[in-house]
Amino acid sequence: MVEPYKLIHPVTVDDRQVTEIPLRRGTLGDLIALEKGPKGESEQLLLLLSRLSGFEKQSLVAITADDIFGLTPVLGDLL
């Protein structure tokens, strides 16, 4: 099941404006990747967001703090 998150501030990804981030439910594999991945909290959030949305990490770094604060509880609910 994919749950879209509507961005407060759209971002540009591959020359197109993205207004929503589709998010799938997390898996055990996602949790293992977080444990083995980066140690910083922001980098872990970026990795999780990339895995659950299917967007490349480089595409997600432009997301604003407003949207990150909105996405954080949504991501927690998907795990």
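Which residues in helix H1 (residues 28-36) are buried?

## The two sides of H1

In this predicted model, the buried residues of helix H1 are Asp30, Ala33 and Leu34. Together they span an arc of only 100° around the axis, so they sit on the same side of H1. That arc is taken from the directions running from the helix axis to the C-beta atoms. An α-helix has 3.6 residues a turn, so residues three or four places apart point the same way. On the other side of H1 you'll find Leu28, Glu35 and Lys36, which are exposed. Here buried means under 20% relative accessible area, exposed means over 50%, and partly exposed is in between (1.4 Å probe, protein chains only).

What lies over the buried residues of H1? The cover includes strand E2 (16-24) and helix H2 (41-53). Helices (H or I, at least four residues) and strands (E, at least two) are DSSP runs, numbered from the N terminus.

## Asp30 and its partners

Asp30 belongs to helix H1 and counts as buried because its relative accessibility is 0%. Setting aside neighbours within four places in sequence, Asp30 is in contact (heavy atoms within 4.5 Å) with Arg24, Arg25, Leu48, Arg51 and Leu52. The Asp30 side chain also reaches the backbone nitrogen of Thr27 at 2.8 Å.

How many salt bridges does a search of the whole structure find? The search turns up two, where a salt bridge is a side-chain nitrogen of Lys or Arg within 4 Å of a carboxyl oxygen of Asp or Glu. Side chains of opposite charge can pair when their charged atoms come close. One salt bridge joins the side chains of Arg24 and Asp30 (2.9 Å, N to O); Arg24 is partly exposed, with 28% relative accessible area. The side chains of Arg51 and Asp30 also meet in a salt bridge (2.6 Å, N to O). This pair ties together distant parts of the chain, with Arg51 in helix H2 and Asp30 in helix H1, 21 residues apart. Through shared partners, the salt bridges join Arg24, Asp30 and Arg51 into one network. Arg51 is partly exposed, at 34% relative accessible area.

## Ser50 in H2

Helix H2 also holds Ser50, which is buried because its relative accessible area is 14%. The side chain of Ser50 reaches the backbone oxygen of Phe55 at 2.7 Å. This is a polar contact: a pair of N or O atoms within 3.5 Å where, within protein, one must be able to donate a hydrogen and the other to accept it, and residues adjacent in sequence count only if both atoms are side-chain atoms. Leaving out neighbours within four places in sequence, Ser50 is in contact with Phe55, Glu56, Lys57 and Leu60.

## A nonpolar patch

Back at the surface, Leu28, Leu31, Ile32 and Leu79 make up a nonpolar patch with about 360 Å² of accessible area together. Patch residues have over 30% relative accessible area and no salt bridge; like charges are joined within 9 Å, nonpolar side chains (Val, Leu, Ile, Met, Phe, Trp, Tyr) within 5 Å. Accessible areas come from the Shrake-Rupley method with a 1.4 Å probe, and for residues only the protein chains shown count as cover. Leu79 comes in the segment after helix H4 (65-78) and counts as partly exposed because its relative accessibility is 44%.

## About the model

Because the model is predicted, local features need pLDDT of at least 70 and side-chain atom pairs count only at pLDDT 80 or more, while totals for chains, interfaces and linings use all residues. Residues are numbered from 1 along each chain as its sequence is written, and side-chain values use heavy atoms, leaving out hydrogens and water.
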